[in-house]
Every structure is written in C-alpha cells, then in structure tokens.
Amino acid sequence: MQCEQCQQLILTDYLDGETNDTQNREIEEHLSRCPQCKEFAHNAKKITVEPFENMERLQPSPQVWVNIQEKINQPQEQPDVLAGFLDKVKELLSAPRPAFALATALAVILMIVTLVPNKGNQSNVARIDPVEQIEYMASLEIYEPDENGYYETDIEEYFL
Ligand SMILES: [Zn+2]
C-alpha cells in the first residue's frame, strides 16, 4: 500500500470504522513500518474524532417540541404588505396627475426610441439628434416646486 492511498483511507473510511478487514490489515501493516503515516493517522484521529468522543449529548426541552407543533398548527395569515403596495400602485396609476403621466409618457417614448432596431442604414440613426432630444427633455418642467421648495408629489413622498 502506498502512503497516499493509506492516508486517503484514513481520512475517509478508516476513522469511521468503515474499512473492511483486509483494508484494516493493510493499513495497520503500513502504519507499523511508515512513521510518516503513523503520525498522520495519529493527528487525523486527534483532530476529527477525539473532540466528539466525550461530548455531552444535548436534548432540547420538551417545550421546544410543543412550540414547534403550535407553530405548524397555526392558521397561516395572509400578509397585508403586498395588498397595501398594490393599492398604492393602483392609486398612483389611476389618479389624475399630469406630471406623473408626462414622465411616464416620456419614459415610454425614450424606451421606444432606444429599442427600435436599426435597420442597417446608418443614416437613419441621426433622424433624432440625441443632443436635441436631451435639451428638449431638460427644458420640460415636469415638477413645479411649491412655496417651500419641495416636490410634493405622492411618488416622492412615498420614496423619500
Ligand atoms: Zn506511509
């Protein structure tokens, strides 16, 4: 038996007592004449087996099982969080809010302009000058700050 094979077996089956009689004999025989592997086996046992040998086996208190059983039997309540969120979204989408609608429309237009595939003719790309487009969008006053200088739209209250 080679050292490598011996050490492999020690780390896997030998320390678990899973090696058969023939393997045990070969390992013992190898260990008796190979100080390196004997040291390896000693250290492996010390690290992997001994710490658990004298450990106290802990048992959870009976109340733990009672609590788990109660949790399992509890009727599941539907969380209100999602419903609340959906209501908020519906409210935002349905309420007449010109600024919000304009912002949405601009986003859609921008998306369409971006996503329309270029049909291979490079001259078509320049149909909308991006600089002009950006300047136009920057010139739009989407939100009118109130006297306090705040942008009191619902969506900003919601996120800020
Ligand atoms: Zn060896």
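## Exercises on a helical chain

The largest nonpolar core in this predicted model has 8 residues: Cys 6, Leu 9, Ile 10, Tyr 14, Ile 27, Leu 31, Cys 37 and Ala 41.

**Exercise 1.** Find which helices supply at least two residues each to this core, and which helix gives the most.

*Solution.* Start by placing the core residues on the helices. Helix α1 covers 3-14, α2 covers 21-33 and α3 covers 35-48, and each of them supplies at least two residues. Then compare their shares: α1 gives the most, with 4 residues.

**Exercise 2.** Take Cys 37 from the core and list its contacts, leaving aside neighbours within four places in sequence.

*Solution.* With those neighbours set aside, Cys 37 touches Cys 3, Cys 6 and Gln 7, and also His 30 and Leu 31. Two of these names, Cys 6 and Leu 31, are listed in the core as well.

**Exercise 3.** Decide whether Gln 23 is buried, partly exposed or exposed, and say how far Gln 23 lies from Cys 6.

*Solution.* First locate the residue: Gln 23 sits in helix α2. Next, count neighbours. Gln 23 has 16 C-beta neighbours inside 10 Å, so it counts as partly exposed; being buried would take 20 or more. Finally, turn to the distance: Gln 23 and Cys 6 are 17 residues apart in sequence, and their C-alpha atoms are 9.2 Å apart in space.

**Exercise 4.** Describe the chain as a whole: how many helices and strands are there, and what percentage of residues is buried?

*Solution.* Count the elements first: the chain has 9 helices and 0 strands. Then take burial: of the 160 residues, 6% are buried. Last, look at contacts between residues at least 6 apart in sequence: 58% of them join residues at least 24 apart.

Definitions and conventions
Residues are numbered from 1 along each chain as its sequence is written. This is a predicted model: local features need pLDDT of at least 70, side-chain atom pairs count only at pLDDT 80 or more; totals for chains, interfaces and linings use all residues. A nonpolar core is a set of buried Ala, Val, Leu, Ile, Met, Phe, Trp, Tyr and Cys residues joined through C-beta atoms within 7 Å. A residue is buried if 20 or more other C-beta atoms lie within 10 Å of its own, exposed if 12 or fewer, and partly exposed in between; C-beta atoms are placed from the backbone. Two residues are in contact if their C-beta atoms, placed from the backbone, lie within 7 Å.
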